[in-house]
Amino acid sequence: MLPKQIALNPSVKRLLDESYEIDIRHGYLLVRVPYVTSLRAVQWGTLVTDLAIHGEYLGPPKDHQVWFAGEFPCNSD
């Protein structure tokens, strides 16, 4: 039942509506995103942030830290 409750949150619903692949694990939101490597290849990485779940609602995160899982990203130039 938890995914239905989280999906009702406007912020998470927006990610789903914009076709982002998301996952919720152990109190963290994982969002798969494309990025460009230093070799100018497009790869997929994951942005991770904590979720403050209060019943049916998401509260503000503990802080504004976001982690990235993947190779070192580079800009498209």
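1. Helix H2 gives the most to the lining of the largest pocket, with 3 residues. The model is a predicted one, and the space in this largest pocket comes to about 250 Å³. Besides H2 (10-17), the elements that give two or more residues to the lining are S2, S3 and strand S5 (57-59).

2. The lining of the largest pocket is made up of 18 residues, and those that lie nearest its centre are Ser11, Leu29, Thr49, Asp50 and Leu51. Sorted by class, the lining has 10 nonpolar residues, 6 polar residues and 2 charged residues.

3. Asp50 also appears in the strand pairing, where this residue of S3 is the bridge partner of Tyr28. The two strands concerned, S2 and S3, pair in the antiparallel sense over 9 bridges, and they form a hairpin with 4 residues between them.

4. The turn of that hairpin deserves a separate look, since Arg40, which lies in the loop between S2 and strand S3 (42-50), has a positive phi of about 65° although it is not a glycine. As background, most residues other than glycine have a negative phi. Arg40 has a relative accessible area of 61%, and it is therefore classed as exposed, the cut-off for that class being over 50%.

5. A second residue with a positive phi is His26, for which the angle is near 50° and which is likewise a residue other than glycine. His26 is placed in the loop between strand S1 (21-25) and strand S2 (28-37). Because its relative accessibility is 80%, His26 counts as exposed.

6. S3 has a further pairing, in that 3 bridges join it to strand S6 (residues 67-69), and the two strands run antiparallel. Within this pairing, Val48 stands opposite Trp67 in S6.

7. Is Thr37, a residue of strand S2, buried or exposed? Its relative accessible area is 3%, so Thr37 is buried, given that the buried class covers values under 20%. Leaving aside residues up to four places away in sequence, Thr37 touches Gln43, Glu71, Phe72 and Cys74.

8. Taken together, these points return to S2 and S3, which form the hairpin and which are among the elements giving two or more residues to the lining of the largest pocket. S3 is joined to S6 as well, while S2 holds the buried Thr37.

Conventions:
Residues numbered from 1 in each chain as written. Predicted model: local features only at pLDDT ≥ 70, side-chain atom pairs only at ≥ 80, totals over all residues. Heavy atoms only, no water. Buried < 20%, exposed > 50% of the residue type's maximum accessible area, 1.4 Å probe, protein only. Pairing = 2+ DSSP bridges. Contact = heavy atoms within 4.5 Å. 1 Å grid on protein atoms, 1.4 Å probe; cavity = no way out; pocket = protein on both sides within 12 Å on 5 of 7 lines; lining within 4 Å. Points joined across faces, edges and corners; volume = space filled by probe spheres on them. Nonpolar A, V, L, I, M, F, W, Y, C, P; charged D, E, K, R; others polar.
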